[in-house]
Amino acid sequence: TMRGSTVDPILREVAILQAAINANCPYEFHHHAEIGRQLGLPDQDIEAIKAGAPLEDPDRTLMIACANDLAKESKLCDATWDQMIVTFGLKTTFDVIFTSGAYSTLALALNSCGVEID
C-alpha cells in the first residue's frame with residue numbers, strides 16, 4: 001500500500017485492478033483481486049473490472065476513469081479531474097494519480113520479469 005494515502009482502501013484496489021488490466025498484468029490483477037476481496041470488494045465488481053463492464057458504484061466508476069485516463073493520456077482528462085476534485089478533494093486526487101502510476105510501473109516490471117500467478 002501507499003503509506004499515508006487518503007484513498008479509501010477498496011477504491012485504491014479498484015484503481016490498481018484497472019491499472020493491472022490496462023498494463024495486461026495478470027499477476028498484479030490476481031494479487032490485488034485477493035486483497036480487494038479481503039477488504040470487501042465484491043466478486044461481481046472484480047469480474048466487471050476484468051470484463052471492462054460498468055460498475056454500479058459511482059466512486060468505483062470514477063477510479064476506473066482515473067486509471068483509464070492515466071493509461072491512455074498520461075493525465076486525467078478535464079472532466080475526470082473536475083469530478084475527482086468535487087468528490088474527493090485535491091490530496092486524494094493526487095494520491096489516486098500516484099497510486100495508479102506506482103502500480104502501473106510495478107506491472108511493467110512484473111511483466112518484463114515474467115512473474116506468473118502462483
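The paragraphs below lead through this structure, from its core to its last helix and then to its charged pairs and loops. The model is a predicted one, and residues are numbered from 1 along the chain.

A good place to begin is the interior. In soluble globular proteins, nonpolar side chains tend to be buried together. Here the largest nonpolar core has 22 residues, and those with the most contacts inside it are Val14, Leu17, Phe29, Ile49, Met63 and Met84. Helices α1, α2, α3 and α4 each supply at least two residues of this core, and the largest share, six residues, comes from α1. To see how one member of the core is surrounded, the reader may look at Met63: leaving aside residues up to four places away in sequence, Met63 touches Leu11, Val14, Ala15, Met84, Phe88 and Val96.

Burial is not restricted to nonpolar side chains, as Asp45 shows. This residue is found in helix α3, which runs from 43 to 51, and because its relative accessibility is 8%, under the 20% limit, Asp45 counts as buried. Apart from residues up to four places away in sequence, Asp45 touches Leu55 and Arg60.

The next stop is helix α6, which covers residues 90–113. Helix α6 has 24 residues and reaches 35 Å from its first C-alpha to its last, close to the 34 Å expected at 1.5 Å a residue. Its buried residues are Thr92, Thr93, Asp95, Val96, Thr99, Ser100, Tyr103, Ala107 and Leu110, and what covers them includes α1, α2, α4 and α5. Just after α6, Gly114 takes a positive phi of about 70°.

Two residues of α6 make a useful contrast. Ser100 lies in this helix and is buried, because its relative accessible area is 2%. Not counting residues up to four places away in sequence, Ser100 touches Ala15, Ala19, Ala67 and Leu70. The C-alpha atoms of Ser100 and Val14 are separated by 9.9 Å, although these two residues are 86 residues apart along the chain. Leu108 also has its place in helix α6, but Leu108 counts as exposed, because its relative accessibility is 53% and the limit for that class is over 50%. The C-alpha atoms of Leu108 and Phe94, 14 residues apart along the chain, are separated by 21 Å.

Phe94 leads on to another feature, since the structure holds one aromatic pair. The ring centres of Trp81 and Phe94 are 5.9 Å apart and their planes stand at 75°, so the pair is edge-to-face. Trp81 lies in helix α5 and Phe94 in helix α6, so the pair ties together parts that are 13 residues apart in sequence. Trp81 is partly exposed, with a relative accessible area of 29%, and Phe94 is partly exposed as well, with a relative accessible area of 36%.

Charged side chains form pairs too, and the structure holds five salt bridges. One of them joins Arg12 and Glu13, whose closest N and O atoms are 3.1 Å apart, and both of these residues are buried. In another, the side chains of Arg37 and Glu34 meet at 2.7 Å, N to O. Arg37 and Glu34 are separated by about one helical turn, because they are three residues apart in helix α2. Arg37 counts as partly exposed at 32% relative accessibility, and Glu34 counts as partly exposed at 34%. Within α6, the side chains of Asp95 and Lys91 meet in a salt bridge of 3.5 Å, N to O, and about one helical turn separates these two residues, because they are four residues apart in that helix. Asp95 is buried, with a relative accessible area of 13%. Salt bridges that share partners also join Glu34, Arg37 and Asp43 into one network.

Finally, the loops hold two backbone exceptions. Most residues other than glycine have a negative phi. Asn24, however, has a positive phi of about 50° although it is not a glycine, and Asn24 is found in the loop between α1 and α2. Asn24 counts as exposed, because its relative accessibility is 61%. Ser74, which is likewise not a glycine, has a positive phi near 60°, and its place is in the loop between α4 and α5. Ser74 is exposed, with a relative accessible area of 65%.

Terms used. Predicted model: local features only at pLDDT ≥ 70, side-chain atom pairs only at ≥ 80, totals over all residues. Heavy atoms only, no water. Buried < 20%, exposed > 50% of the residue type's maximum accessible area, 1.4 Å probe, protein only. Core = buried A, V, L, I, M, F, W, Y, C linked by side-chain atoms within 4.5 Å. Contact = heavy atoms within 4.5 Å. Phe/Tyr/Trp six-rings, centres within 6.5 Å; stacked < 30°, edge-to-face > 60°. Expected span 1.5 Å × (residues − 1). Salt bridge = Lys/Arg side-chain N within 4 Å of Asp/Glu carboxyl O.
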